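Here is a short, friendly tour of a protein model and the ligand that comes with it. Please have the structure open as you read.

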Amino acid sequence: MLLTITSTHTKASDLSYLLHKRPDKCQQVELSAGKAHIFYTANSEEKCTVALLLDIDPVGLVRNDKGPAGDGFLLEQYVNDRPYVASSLMSHAIAKAFSSAMNGTCKDKPELVEEVLPLEVKLAVLPVKGGEVFLRKLLEPLGYEVMAQQHELDANFPEWGKSRYFTVTMKNRLKLKELLSHLYVLIPVMDNAKHYWIGEHEIEKLVSKGKGWLEVHPEKKQITQRYLKSMPAYTNQALVALMQQDATENTEEEGTKEVESGEKEVLNLHAARLLAAKEELLASGAKRVLDLGCGEGRLLRLLVKEKQFEMILGMDVSYRSLELAKQKLKLDRFSPTQLERIQLIQGSLTYRDKRLEGYDAAALVEVIEHLDTDRLKTLEKVLFEYSRPKTIVITTPNAEYNTQYETLSAGSFRHADHRFEWTRQEFEAWAKGLAIKYGYSFLCKPVGPLHELVGAPSQMAVFSMK
Ligand code: SAH
């Protein structure tokens, strides 16, 4: 069976660095019952495709006790689908062939590890117990666009109907390590079989490979059950571990939230920013609005209540935040008509994205300071040149106000993930540069209680197209 991964990133050939596999050589790794071959079928700046081809030895499967038990029918141990389909052997091959990429290490270009890439996977042939509906239930919540071709049981006997075998193409924008973890966990889950005995260490593997996505996956329970081959004791243990992981992550997030003198003040300040952004969007007369870097959807929750907004699109690079946004917005309770008004998409503001075109206004609430300066330059182009809404509202902390936070030492930022924090003058100079370059007028405003010397804790720029 064959797995291909294609990147069409601006520098697609970076994929070979990330995978630690040279594009000019065909390489092999030994598996418990056969071999995996790794080679490239395309390698240019526009498109890079790596192939992982499994060559399974059916006799080796029997010898190593890795195939079916043989209680199904005579010769089942020798005559079965295992050498021809993607199964847990494929997961094993992925982990062995692409171990560094899966663990998120890249010696030569470490910055690539965290990069969100446009990736396409083709898997032939994938057995799915539960059919296309189940396949989509597993992949779509993770943001994949799925195309599935179901094969006939036997082309000579169409009356026998369809088989459980699919050729699947799935596309997404995500980090390579995330993609590999999804494949590693989900291939055996779809197949609903494993080539080895399930031991307790499988729980640990599932919890670590599922980190960041499985805790919040709507099919978490079934994935866990199938992955652990429906062994209730293991399944419960894993579900508890996943729940704990989710809880720790949430507290970590809270812990790294802005340093303010009191929790209430943080909430008030953030509420003030959201309200200010909403008021600007309303005042602009916008009907179609974007919330870029929407996070858990705090602004979206305010926007959906306003009838003026006919179309609302929230975008964030973090799948996990979007999942939380979906839950907090309670999208599952929306009627089909209400759902037509709001869309949540995963994407990065550092790539030109056609989905962001044709909107009247955009808000970026506390987003820009999360980007490195070179990425910020790309964001500027994406927003002001390509997406180009008539009104753009941007908020960011006012660094001068940091002296008012007793717990914040001089020179530190309010949030662990901030790449910079600007003074009022720096922000205004940045806004002015953009306004001139892209033909907008702008106004900078304070957000939050004004201090006579250092200004307000947050600041907002409102751009209007000339
Ligand atoms: N606007 C939200 C969240 C602010 S936190 C609110 O006010 O509550 C910053 C958000 O920006 C995070 O959710 C983060 O995932 C997102 N983000 C960071 N870099 C991004 C990028 N390149 N593209 C899109 N979103 C990004």
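## Overall fold

Helices (H or I, at least four residues) and strands (E, at least two) are DSSP runs, numbered from the N terminus. By that definition the protein chain has 15 helices and 14 strands. This is a predicted model, in which local features need pLDDT of at least 70 and side-chain atom pairs count only at pLDDT 80 or more, while totals for chains, interfaces and linings use all residues. Residues are numbered from 1 along each chain as its sequence is written, and side-chain values use heavy atoms, with hydrogens and water left out.

Of the 466 residues in the protein chain, 51% are buried, meaning under 20% relative accessible area (exposed is over 50%, partly exposed in between; 1.4 Å probe, protein chains only). Taking contact as heavy atoms within 4.5 Å, 71% of the protein chain's contacts with a separation of 6 or more join residues 24 or more positions apart. The protein chain has an accessible surface of about 22,200 Å², and carbon and sulfur atoms hold 52% of that surface; such areas come from the Shrake-Rupley method with a 1.4 Å probe, and for residues only the protein chains shown count as cover.

## Confidence

The predictor's confidence in each residue is its pLDDT, from 0 to 100. Its mean over the protein chain is 86, with 86% of the residues at 70 or more. Residues 250-261 are below 50 in pLDDT, and this stretch has 25 contacts in the model beyond near neighbours in sequence.

## Around the ligand

Which residues come nearest to the ligand? Of the 16 around the ligand, they are His270, Gly293, Asp316, Leu349 and Val365, where near means that a heavy atom of the residue lies within 4 Å.

Polar contacts are pairs of N or O atoms within 3.5 Å; within protein, one must be able to donate a hydrogen and the other to accept it, and residues adjacent in sequence count only if both atoms are side-chain atoms. Ligand oxygen atoms lie 3.0 Å from a side-chain N or O atom of His270 and 3.3 Å from a polar side-chain atom of Arg298. Leu349 instead offers a backbone N or O atom, 2.9 Å from a ligand nitrogen. The protein covers 84% of the 570 Å² of accessible area that the ligand has on its own.

## A look at Thr396

Thr396 sits in strand 12 (residues 391-397) and is buried, with a relative accessible area of 0%. Its side chain makes a polar contact of 2.8 Å with that of Glu369. Leaving aside residues up to four places away in sequence, Thr396 touches Glu366, Ile368, Glu369, Phe427, Ser458 and Gln459.
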